[in-house]
Amino acid sequence: MTYDSTLLRLLDERGYIHQLTDAKGLDALASKQIVPGYIGFDPTAPSLHVGSLVQIMLLRRLQQAGHKPIAVMGGGTGIIGDPSGKDESRKLMTPEVIAANIASIRTVFARLLDFDDSETGAVMIDNAEWLSQLGYIELLREVGPHFTVNRMLTFDSVKLRLDREQPLTFLEFNYMILQAYDFRELSQRHGCRLQMGGSDQWGNIVNGIELGRRMDGAELFGVTTPLLTTADGAKMGKTANGAVWLNEDQLPAYDFWQYWRNCDDRDVGRFLRLFTDLPLDEIARLEALEGAEINDAKVVLANEVTRLCRGDDAARGAEQTARATFAGGGLGEDLPVLTVPPGGIRIVAACTEIGFTASNGEAKRKVAEGAVRIDDIVITDPSYLIDITAGQSAKISLGKKKHGVLQAG
């Protein structure tokens, strides 16, 4: 389909569109007026991870196209937790923990969105603002009649648990009602006409659109993005060592940069379109590179994403560290550092403590495979003792991509 609005053309060209509830209606609306649109985020940790970055970038594209982004923090729904894609119930968080998480998460949004007083200025809203004020009987009487249990049982988030005979609490079962109510409230309070999200949120988005229509006669719209996986089928934002966090406090800039630098060749073009502001013609040139030259495109990707999420200094520092480590054989400033205590540390323990391996058992296997090096010398003895002379340091490496610094305590 050919779109008239700058918004849908931009989203289409860069690969964000998976489903639209009413493409013609949204295209016409976005062509004639500013459209406030929102995405909800669960503050279940002090940072979101890379899997959420496509949604944050979607809000960025909304603002770039001349519309108003609304980032909704789930201070209310976060108390429950979204059951979508989950095999088991989440641990309940206190309001204090949720508030601290929201404050931490905001730092990344502040880099990617313009929060100002203009008509298109971004806003961040906590849905506890209205959900915490709801009376139970009020919710049942006003909102409950617009939902049928029959339909709610058809949602994937519910069916997944039931099919696997895993518990789905009544608390979680209510999540879809509260999310739909969010859209209705945002429509009334902020004139919000659009909800966006990942493909797993399609049912929740449709629920909100229908609730707004039934209760208020509002014309609302929805957009979902494709399920984001890497070329090898892995879930975006997950690695063998855990989540790739967006916040600096949860993941050093060098490790964040390396995640993008080490992406699959097949993902370079798609990631450049989704996660950078580079012009499409430049992206086409970069993704057409072959052989060793594709690594140049990966460095551009790593620099651009790190710059957007962490700032210019972080991007420059990470690239300089990578060049010093790989090209010069030296030790870059941003590498993870492990202080070796007096008397030394066994190589297996060093691998685990610096974060290369999840356990000493895994580290022992890596050492036995010849994958661990100290100052580029392969060590195959799991009992090898690393003892660093005062004032000196050494490089520890696992494979070709993980490097760190060992320094005397």
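Leaving aside its neighbours within four places in sequence, which residues is Thr225 in contact with? In this predicted model, the list reads Tyr16, His18, Gln55, Leu58, Gly197, Gly198 and Ser199. Thr225 itself belongs to strand E6, which covers residues 221–225. With a relative accessibility of just 1%, Thr225 counts as buried, since the cut-off for that label is under 20%. One of its contacts, Gln55, also shows up in a polar contact: the side chains of Thr225 and Gln55 are joined at 2.9 Å.

Next comes a sheet. Strands of a sheet pair through backbone hydrogen bonds, and they can do this in a parallel or an antiparallel way. Here, 5 strands make up an open sheet with mixed pairing, and their order is E9-E15-E14-E11-E12. At the edges sit strand E9 (337–340) and strand E12 (377–378), each of which pairs on one side only. The partner of E9 is strand E15 (residues 402–408); the two run in the parallel sense and pair over 4 bridges. Looking at single residues, Thr339 stands opposite Gln407 in E15.

Now for the aromatic rings. The structure holds 7 aromatic pairs. One of them is formed by Phe256 and Trp260, an edge-to-face pair with 6.2 Å from centre to centre and 70° between the planes. Both residues belong to helix H12 (residues 253–261), and because they are 4 residues apart there, about one helical turn separates them. Phe256 has 0% relative accessibility, so it counts as buried. Trp260 also comes out at 0% and is therefore buried. Another pair brings together Phe271 and Phe275, whose ring centres are 5.7 Å apart; their planes meet at 65°, so this pair is edge-to-face too. Phe271 and Phe275 are 4 residues apart in helix H13 (residues 268–275), which means about one helical turn lies between them. Both of these phenylalanines are buried. The two pairs are part of a bigger picture, as ring pairs link Phe256, Tyr259, Trp260, Phe271 and Phe275 into a cluster.

Phe256 has a charged partner as well: the charged end of Arg310 sits over its ring, 4.6 Å from the centre. Elsewhere, Arg106 lies over the face of Phe115, at 4.6 Å from the ring centre.

Helix H8 (residues 156–163) has two sides worth a look. Its buried residues are Ser157, Val158 and Arg161. These cover an arc of only 100° around the axis, so they fall on the same side of H8. Asp156 and Asp163, in contrast, are exposed on the other side of H8. After the helix comes Glu165, which has a positive phi, near 55°.

Last up is Ala315, a residue of helix H16 (residues 312–327). Its relative accessible area is 6%, so Ala315 is buried. Apart from neighbours within four places in sequence, Ala315 is in contact with Trp257, Asn303, Thr306 and Arg307. Asp22, on the other hand, is 293 residues from Ala315 in sequence and 40 Å from it in space, C-alpha to C-alpha.

Conventions:
Residues are numbered from 1 along each chain as its sequence is written. This is a predicted model: local features need pLDDT of at least 70, side-chain atom pairs count only at pLDDT 80 or more; totals for chains, interfaces and linings use all residues. Side-chain values use heavy atoms; hydrogens and water are left out. Two strands pair if DSSP finds at least two bridges between them. Buried means under 20% relative accessible area, exposed over 50%, partly exposed in between (1.4 Å probe, protein chains only). A polar contact is a pair of N or O atoms within 3.5 Å; within protein, one must be able to donate a hydrogen and the other to accept it, and residues adjacent in sequence count only if both atoms are side-chain atoms. Contact means heavy atoms within 4.5 Å. Rings of Phe, Tyr and Trp (its six-membered ring) pair if their centres lie within 6.5 Å; planes under 30 degrees apart count as stacked, over 60 as edge-to-face and the rest as tilted. A charge sits over a ring if NZ of Lys or CZ of Arg is within 6 Å of the ring centre and within 35 degrees of the ring normal. The arc is that of the directions from the helix axis to the C-beta atoms.
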